[in-house]
Amino acid sequence: MAQLRGPHSDPWDCTIIALLMTDTPATAARPTTAPIWDIFCQVIDNFGDIGVCWRLAADLAQRGCAVRLWVDDAAALTWMAPQGAPHVQVLPWPVQAPTGGVGQVVVEAFGCEIPDPFLQAVASAAQQRPTPPVWINLEYLSAEDYVERCHRLPSRLMSGPAAGLTRWFFYPGFSTRTGGLLREADMTQHQAGFDRPAWRAQHGVGTHDLTISLFCYEPTAFAQVFASTPTSAHWLVTPGRATALVRAQLPPPIPSHVHFLPPCPQPQFDEMLWACDLNFVRGEDSLARALWAGQPFVWHIYPQHDDAHHAKLAAFLDWLDAPASLRQAHAVWNGTADANTTWPTVTRATLADWAHCVQAARNRLLAQPSLAEQLMAFAGEKG
């Protein structure tokens, strides 16, 4: 089977920084009146934070903004976004205020703490400009009830270099009373033009072969699930933790229907989700991409030590209106099921039932403005 094409994963260096900071020469320069967005991202683990922030930065730029992405570890972008994006600059975590001042909008992603020198520059801009910068705290994705209550709420800072300024909480979400999901303006067009049979043929997968993608943490149920699937099924295993899991769980020699993939750019990851019959996804970014793919999927939610993720998973499945078999699959995969619950029998009819559920949810989401659109509207309203 041909592997998904992906760039090398060499360490981050000045050459790559220069590439990502430079607009594509053939692209027309962004007008000087374009609003500047400063997005801050700290990479904790698993690349979910940088994945979301990169998609947001690129989407905002495509919609007419100039974006500076400040990140403490941009190494993942060497394979996630090797060509960069027009009008997006990737910059190292700042130790001082930027030359020329801060942007019109400052986005603090996932509770990362913006460095004090930058906050001091935000405070100065608030005093000197007719319109102060709009400071947004972009929160994690959840279907829980508190999201609708807390979305768009202000928080006035009482101390520190930004004392007196207001930070606004902005929650992505699934309902019309939240900030929505990331969705590129041309996503549906690209998906409509995707040649699924050609993709599968190129990667050694027959049109009717059961094909499963695996992007996960370390589910204890993997061996059970793997054993329940036909030996003719193709497993596309993503690099990192999923690959380590499979190599640890399956004794050598690894079966020929298991294919280990190299890292790949985000658009190629999306195409894999479009092409597969069942997708195992994890975290936040790939959950959204699985929803847009419209194919059956099982979400491996990020486990938390206090089991708070159990309620988060239940809330999502309620919003999804998941059938009983899909709820059972999620419970087993995420380790929330009781000892007597096993992986459900997954037939073509089961997958069709799951696909119907996912596609109905996708249609509901397509009727809502995307996260970038709502962020831009909110910044315009507050600025």
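Which element gives the most to the lining of the largest pocket, and with how many residues? Let's work up to that one and a few others.

This is a predicted model, where local features need pLDDT of at least 70 and side-chain atom pairs count only at pLDDT 80 or more, while totals for chains, interfaces and linings use all residues. Residues are numbered from 1 along each chain as its sequence is written, and side-chain values use heavy atoms, with hydrogens and water left out.

**Exercise 1. Describe the largest pocket and find its main contributor.**

Step 1: Get the term straight. On a 1 Å grid over the protein atoms alone, a pocket is an open set of points with protein on both sides within 12 Å along at least five of seven lines; a cavity is a set where a 1.4 Å probe fits but cannot get out; lining residues have an atom within 4 Å of a point. Points are joined across faces, edges and corners, and a volume is the space filled by probe spheres set on them.

Step 2: Look at the volume and the centre. The largest pocket holds about 1,000 Å³. Its lining has 46 residues, with Asn46, Gly48, Tyr217, Gly283 and Glu284 lying nearest the centre.

Step 3: Check the elements. H2, helix H3 (77-80), helix H10 (266-275), H11 and helix H12 (308-320) each give two or more residues to this lining. Helices (H or I, at least four residues) and strands (E, at least two) are DSSP runs, numbered from the N terminus. The answer to the opening question is H2, with 5 residues.

Step 4: Sort by class. The lining has 24 nonpolar, 12 polar and 10 charged residues. Here Ala, Val, Leu, Ile, Met, Phe, Trp, Tyr, Cys and Pro count as nonpolar, Asp, Glu, Lys and Arg as charged, and the others, Gly among them, as polar.

**Exercise 2. Do likewise for the second largest pocket.**

Step 1: This pocket has about 620 Å³ of space. Of its 24 lining residues, Ala58, Glu184, Asp186, His190 and Pro267 lie nearest the centre.

Step 2: H2, helix H6 (187-192) and H10 give two or more residues each. H2 turns up again with the largest share, 6 residues.

Step 3: The classes come out as 12 nonpolar, 5 polar and 7 charged.

**Exercise 3. Hunt for the closed spaces.**

Step 1: Count them. There are 2 cavities of 30 Å³ or more.

Step 2: Take the largest cavity, at about 90 Å³. Its lining includes Val52, Arg55, Glu284, Asp285, Ala288 and Arg289. Helix H2 (48-62) and helix H11 (285-293) each supply at least two lining residues, and H11 has the largest share, with 3. By class, that lining is 7 nonpolar, 1 polar and 4 charged.

Step 3: Now the second largest cavity, at about 30 Å³. Among its lining residues are Gly180, Leu181, Arg183 and Trp292. That lining divides into 4 nonpolar, 3 polar and 1 charged.

Step 4: Compare the two lists. Gly180 and Leu181 line the largest cavity and also line the second largest cavity.

**Exercise 4. Put the spaces in the context of the fold.**

Step 1: The protein has 15 helices and 12 strands.

Step 2: Its C-alpha atoms fill a box of roughly 65 × 45 × 35 Å along the principal axes.

Step 3: Buried residues (under 20% relative accessible area, with exposed over 50% and partly exposed in between; 1.4 Å probe, protein chains only) make up 53% of the 383 residues.
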